[in-house]
Amino acid sequence: MSFIGLLQSGAVQVVNPKNRQVIGYAFSVETERGQLQRWILFEHPHNTLDIEPPPEHMARWSLSDWRSNVAALWRPGSFYVWAQADVYRYGEAREQQKWAKIPPASRLPAPTYPDVGFSDFQLDPTGGRLLEVLQLRAGGVVLAPNEPLEAAGARLNGAMPLEARGLAFAVNGLLDPASTEYWMLPAAYEPAGKSAAVAIKTGTQKAGSLQEFIDVANQGWSPGSTFVITGCVNYRGDTVPAAR
């Protein structure tokens with residue numbers, strides 16, 4: 001079964017939209033429940049990051065390639081995140097409930113945390129605001145040198161605008177040993193790194209609790225949508241973690 005999650009399978013790169021510097025990479029593989037993602041982040045992105053296709057030399061990497069290259073990619077003080085993304089589709093029946101509507105917070109399935117021998121994730125608690133997942137409407141666009149993704153959308157004057165494609169909410173964050181993320185991705189969303197880039201940023205809507213986030217997300221919940229519950233285990237250090 002093929003799952004639609006936040007990331008494409010394989011490698012992607014993570015970019016700071018303010019200066020266009022590469023601040024990390026991620027690698028995703030499909031699992032029975034969705035995706036298992038591995039992230040290297042050289043710095044704290046503070047809820048603002050672009051996810052883009054990988055450099056050419058990483059485009060065909062296998063999981064074995066990723067593991068063997070982690071040490072070469074590592075910088076002292078980097079973050080490593082293991083993230084299990086459990087994917088739920090609109091209308092499917094799973095875990096004794098049908099997802100015609102996102103269940104209330106009290107009835108959501110528990111997140112699955114990767115078993116990597118650990119008990120610091122890219123999305124931190126947002127002070128009561130939702131996070132927006134933004135993607136170009138279709139086909140992508142050529143970025144000017146050092147041009148942020150969002151600026152490119154504005155430059156096109158509506159011909160191919162950048163629009164909010166999804167929402168996210170986080171409990172705990174990158175500086176915690178474990179964290180949880182909740183994503184609502186509409187039908188039109190394409191996994192990040194597949195073609196068009198994806199930008200993540202703090203939005204203007206407020207959600208002071210997981211239930212408030214669900215109430216907002218249900219307004220856009222429709223056929224083809226997916227809801228993703230991601231359990232994250234976070235590491236930070238000068239040396240590469242033993243588990244990769």
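This is a conversation between a trainee and a mentor about a predicted model.

Trainee: Let's begin with His46. What makes its phi stand out?

Mentor: Phi of His46 is near 50 degrees, which is a positive value in a residue other than glycine. His46 sits in the loop between strand E3 (34-41) and strand E4 (49-52).

Trainee: Why is His46 called exposed?

Mentor: The relative accessible area of His46 is 54%, and exposed means over 50%, so His46 earns the word.

Trainee: And Asn47, buried or exposed?

Mentor: Asn47 lies in that loop between E3 and E4 too, and phi of Asn47 is also positive, near 65 degrees. Its relative accessibility is 8%. Buried means under 20%, so Asn47 counts as buried.

Trainee: Why is Thr112 called partly exposed?

Mentor: Thr112 has a relative accessible area of 27%. Partly exposed is the range between the 20% and 50% cut-offs, and 27% falls there, so the label fits Thr112. Its place is in the loop between strand E7 (97-98) and strand E8 (129-136).

Trainee: How do you know that Thr112 makes a polar contact with Asp86?

Mentor: The side chains of Thr112 and Asp86 come to 2.6 Å. The limit for a pair of N or O atoms is 3.5 Å, so this pair qualifies as a polar contact. Asp86 is also one of the residues in contact with Thr112 beyond four places in sequence, together with Arg33, Gln84 and Gly231. The C-alpha atoms of Thr112 and Ala85 are 7.7 Å apart, although 27 residues separate the two along the chain.

Trainee: Why does Gln8 count as buried?

Mentor: Gln8 has 19% relative accessibility; with buried set at under 20%, Gln8 therefore counts as buried. Gln8 belongs to the segment before strand E1 (10-15). Its side chain reaches the backbone oxygen of Ala11 at 3.0 Å. Leaving out residues up to four places away in sequence, Gln8 touches Ser28, Pro54, Pro191, Ala192, Gly193 and Lys194.

Trainee: What makes E1 mostly covered?

Mentor: Of the 6 residues in E1, 6 are buried.

Trainee: How do you know that E1 pairs with E2?

Mentor: A pair of strands needs at least two bridges, and E1 has 6 with strand E2 (residues 22-30), in the antiparallel sense; therefore E1 and E2 count as paired. Val15, for example, has Val22 in E2 as its bridge partner. E1 and E2 form a hairpin with 6 residues between them, and Arg20 in the turn has a positive phi of about 65 degrees.

Trainee: What joins E1 to E4?

Mentor: E1 and E4 run antiparallel and are joined by 3 bridges. With at least two required, these strands also count as paired, because they have 3. Val14 has Ile51 in E4 as its bridge partner.

Trainee: Which residues touch the most other members of the largest nonpolar core?

Mentor: They are Leu7, Trp39, Ile51, Trp183 and Tyr189, in a core of 27 residues. Strand E5 (residues 78-89) gives this core its largest share, 5 residues. There is also a second, separate core of 18 residues, and Leu130, Leu167, Ile214 and Trp221 are among them.

Trainee: Why is Ser225 called buried?

Mentor: Its relative accessible area is 1%, against a cut-off of under 20%, so Ser225 is buried. Ser225 lies in the loop between helix H3 (210-218) and strand E12 (226-237). A polar atom of its side chain is 2.9 Å from the backbone oxygen of Ser222. Farther along the sequence, beyond four places, Ser225 touches residues including Tyr88, Arg89, Met184 and Pro186.

Trainee: Last one: which residues of helix H1 are buried?

Mentor: In H1 (residues 63-73), these are Trp66, Val70 and Leu73. They cover an arc of only 80 degrees around the axis, so they are on the same side of H1. Ser64, Ser68 and Ala72 are exposed on the other side of H1.

Trainee: And what do the buried residues of H1 pack against?

Mentor: They pack against E2, E3 and E5.

Methods:
Residues numbered from 1 in each chain as written. Predicted model: local features only at pLDDT ≥ 70, side-chain atom pairs only at ≥ 80, totals over all residues. Heavy atoms only, no water. Helix = DSSP H or I, 4+ residues; strand = E, 2+ residues; numbered from the N terminus. Buried < 20%, exposed > 50% of the residue type's maximum accessible area, 1.4 Å probe, protein only. Contact = heavy atoms within 4.5 Å. Polar contact = N/O pair within 3.5 Å; in protein donor to acceptor, adjacent residues only side chain to side chain. Core = buried A, V, L, I, M, F, W, Y, C linked by side-chain atoms within 4.5 Å. Arc of directions from axis to C-beta.
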